[in-house]
Amino acid sequence: MEYAVDPGLYALGNPGDRSEVFVTANYKMSFDALRSSLPGRDAWILVLDTLGINVWCAAGKGTFGTDELVERIKTSGLTDVVSHRTLILPQLAGPGVAAHEVKKRSGFTVRYGPIKASDLPDYLDAGCRATAAMRSKTFTLWERAVLIPVELVHALKPALLIMAGLFLLGGLGGSDGFWTNALNQGTPAVLAFLAAILGGTVIHPLLLPYLPGRAFTTKGLIIGAVTAVLFVGLAGLDLQTWPGRLGALAWLMFIPAFTAYLAMNYTGCSTFTSLSGVKREMRWALPLEIGMGLGGLTVWVALRFVS
Amino acid sequence: MNNLVYLKDIVTLVYDEGKCTGCGLCREVCPHNVFGMNGKRVFIRDRDACMECGACSRNCAFGALSVQTGVGCAAAVIHSLVSRKDTGGCCPPDISANGNCGKSTGCC
């Protein structure tokens with residue numbers, strides 16, 4: 001399926017020289033969201049070349065930017081199509097478009113419409129006025145949940161490699177042959193890792209606002225700790241013995257390390273984290289995740305050589 | 001979404017009240033209601049709600065606002081730590097080199 005739309009000027013319905021001009025990105029979903037939000041209305045749609053990327057990401061990168069907008073106005077011949085000089089842009093184009101620059105270079109006045117295209121009819125009917133709610137970016141349960149598949153897919157390739165590695169590491173040490181050990185010791189490790197992935201990519205986004213801690217890593221650590229405790233319980237480790245205790249410690253280090261890392265990566269999907277904040281969080285989170293992950297792994301393997 | 005807050009006292013948002021003309025454009029483009037209007041000038045209502053998207057500074061015609069923007073995801077930060085070239089975080093070096101983020105990358 002093709003996800004990029006050809007840039008240029010499109011007619012929605014039967015627009016004339018006085019019809020509004022809406023600007024959007026050449027990502028199919030952006031384009032479709034816009035045109036489907038205006039049923040029964042006549043309008044022009046100016047599609048910018050954002051390399052098939054959505055409005056907000058492209059604006060952040062600069063592709064949905066002043067230069068592209070000014071250029072696209074020129075190449076589309078918009079000045080000959082409409083008699084007015086107003087453009088309605090999505091609010092989230094703000095990071096990439098300087099309204100005053102566009103006015104100076106093209107003569108067109110930029111009006112920032114609502115964040116969601118679905119709010120456009122109300123916006124227009126109110127005389128191009130947006131409510132405070134229309135100008136606030138939400139991060140609802142649904143909006144958090146729809147990001148889960150892409151996070152899972154991104155985690156899949158490295159996860160498969162790690163699971164193979166864990167299975168093989170399970171073969172080391174212990175009393176039985178390599179492959180028997182791998183099956184008996186490696187399998188629980190793979191399951192623990194899968195539980196960690198579930199916690200980090202599925203549970204974390206869903207429970208985000210309710211989990212303690214401002215940093216995403218903190219939220220991930222908490223999910224990981226709970227998962228690890230459950231795992232230790234299910235594995236039936238005897239906490240009265242040293243091997244049991246150390247085995248539990250290994251899981252308590254290993255599992256949260258991964259849920260925390262995955263939770264930390266969700267900052268890239270979120271709508272409210274800042275780059276400065278992410279950098280600050282990573283300064284302590286990354287060493288902790290690496291330390292806990294390697295530490296847990298080491299204890300897990302070493303146990304089989306000592307006992 | 002009042003309980004969706006990130007870290008405190010960390011953003012690089014700088015506001016020069018002296019340059020503000022009260023046009024209100026920053027309030028229009030800000031997706032997190034960071035600014036309020038105080039009579040004829042803007043003020044920062046909720047600094048910690050700022051996500052450094054840069055919409056306000058980009059659209060302030062009077063230079064009253066500045067903020068350090070950048071790709072705000074952990075993966076991008078890790079990438080810039082690991083690779084020696086500054087690719088802006090997301091794109092692999094060969095694509096970023098000619099300034100064109102190709103459609104083949106599935107990152108954005």
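Begin by selecting B:Asp9, which counts as exposed because its relative accessibility is 67%, above the 50% cut-off for that class. The model on the screen is a predicted one. B:Asp9 belongs to the segment that precedes strand E1 (14-15) of chain B. Its backbone deserves attention as well: B:Asp9 is not a glycine, yet it has a positive phi of about 55°. Most residues other than glycine have a negative phi.

Next, select B:Asn33. This residue, also not a glycine, has a positive phi of about 55°. B:Asn33 sits in the loop that joins helix H1 (25-29) to strand E2 (35-38) of chain B. Is B:Asn33 buried, exposed or partly exposed? Its relative accessibility is 37%, so B:Asn33 counts as partly exposed.

Move along to B:Phe35 and display its surroundings. Apart from residues up to four places away in sequence, B:Phe35 touches ten residues of its chain that can be selected in turn: B:Leu13, B:Cys26, B:Arg27, B:Cys30, B:Val42, B:Phe43, B:Ile44, B:Arg45, B:Cys56 and B:Leu65.

B:Phe35 also leads to the largest nonpolar core, which has 33 residues. Which residues have the most contacts inside this core? They are A:Leu208, A:Met264, A:Phe272 and A:Met282 from chain A, with B:Leu13, B:Val34 and B:Phe35 from chain B. Colour helix H12 (275-306) of chain A and helix H3 (74-82) of chain B, for each supplies at least two residues of the core. The greatest contribution comes from H12(A), with five residues. A second core, separate from this one, has 30 residues, and among them are A:Trp44, A:Ala58, A:Leu89 and B:Val29.

Now turn to chain A and select helix H5 (residues 99-106), whose buried residues are A:Ala99, A:Val102 and A:Ser106. Why do these residues lie on the same side of H5(A)? They cover an arc of only 60° around the axis, and therefore share one side of the helix. Show what covers them: the cover includes helix H3 (66-76), strand E4 (86-89) and strand E5 (109-112) of chain A, together with H1 and helix H2 (55-59) of chain B. Just after H5(A), A:Gly107 takes a positive phi of about 85°.

The next selection is A:His204, in helix H9 (residues 178-207) of chain A. A:His204 counts as buried because its relative accessible area is 0%, and buried means under 20%. Leaving aside neighbours within four places in sequence, A:His204 is in contact with A:Gly199, A:Leu211, A:Phe216, A:Lys219, A:Gly220, A:Ile223, A:Ala263 and A:Tyr266.

For a view of the surface, select A:Leu168, A:Leu172, A:Phe178, A:Trp179, A:Phe305 and A:Val306, which make a nonpolar patch of about 660 Å². H9 and H12 of chain A are the elements that give two or more residues to this patch. A:Leu168 lies in helix H8 (residues 148-169) of chain A, and its relative accessibility of 42% is why A:Leu168 counts as partly exposed.

The tour ends at A:Asn14, in the loop between strand E1 (8-12) and strand E2 (21-25) of chain A. A:Asn14 counts as exposed because its relative accessibility is 65%. Draw a distance from its C-alpha atom to that of A:Ile148: the two residues are 134 residues apart along the chain, and the two atoms are separated by 40 Å.

Terms used:
Residues numbered from 1 in each chain as written. Chains lettered and ligands numbered in written order. Predicted model: local features only at pLDDT ≥ 70, side-chain atom pairs only at ≥ 80, totals over all residues. Heavy atoms only, no water. Core = buried A, V, L, I, M, F, W, Y, C linked by side-chain atoms within 4.5 Å. Buried < 20%, exposed > 50% of the residue type's maximum accessible area, 1.4 Å probe, protein only. Helix = DSSP H or I, 4+ residues; strand = E, 2+ residues; numbered from the N terminus. Contact = heavy atoms within 4.5 Å. Arc of directions from axis to C-beta. Patch = residues over 30% accessible without salt bridge, like charges linked within 9 Å, V, L, I, M, F, W, Y side chains within 5 Å. Areas by Shrake-Rupley, 256 points an atom, 1.4 Å probe, with all protein chains shown as cover. Salt bridge = Lys/Arg side-chain N within 4 Å of Asp/Glu carboxyl O.
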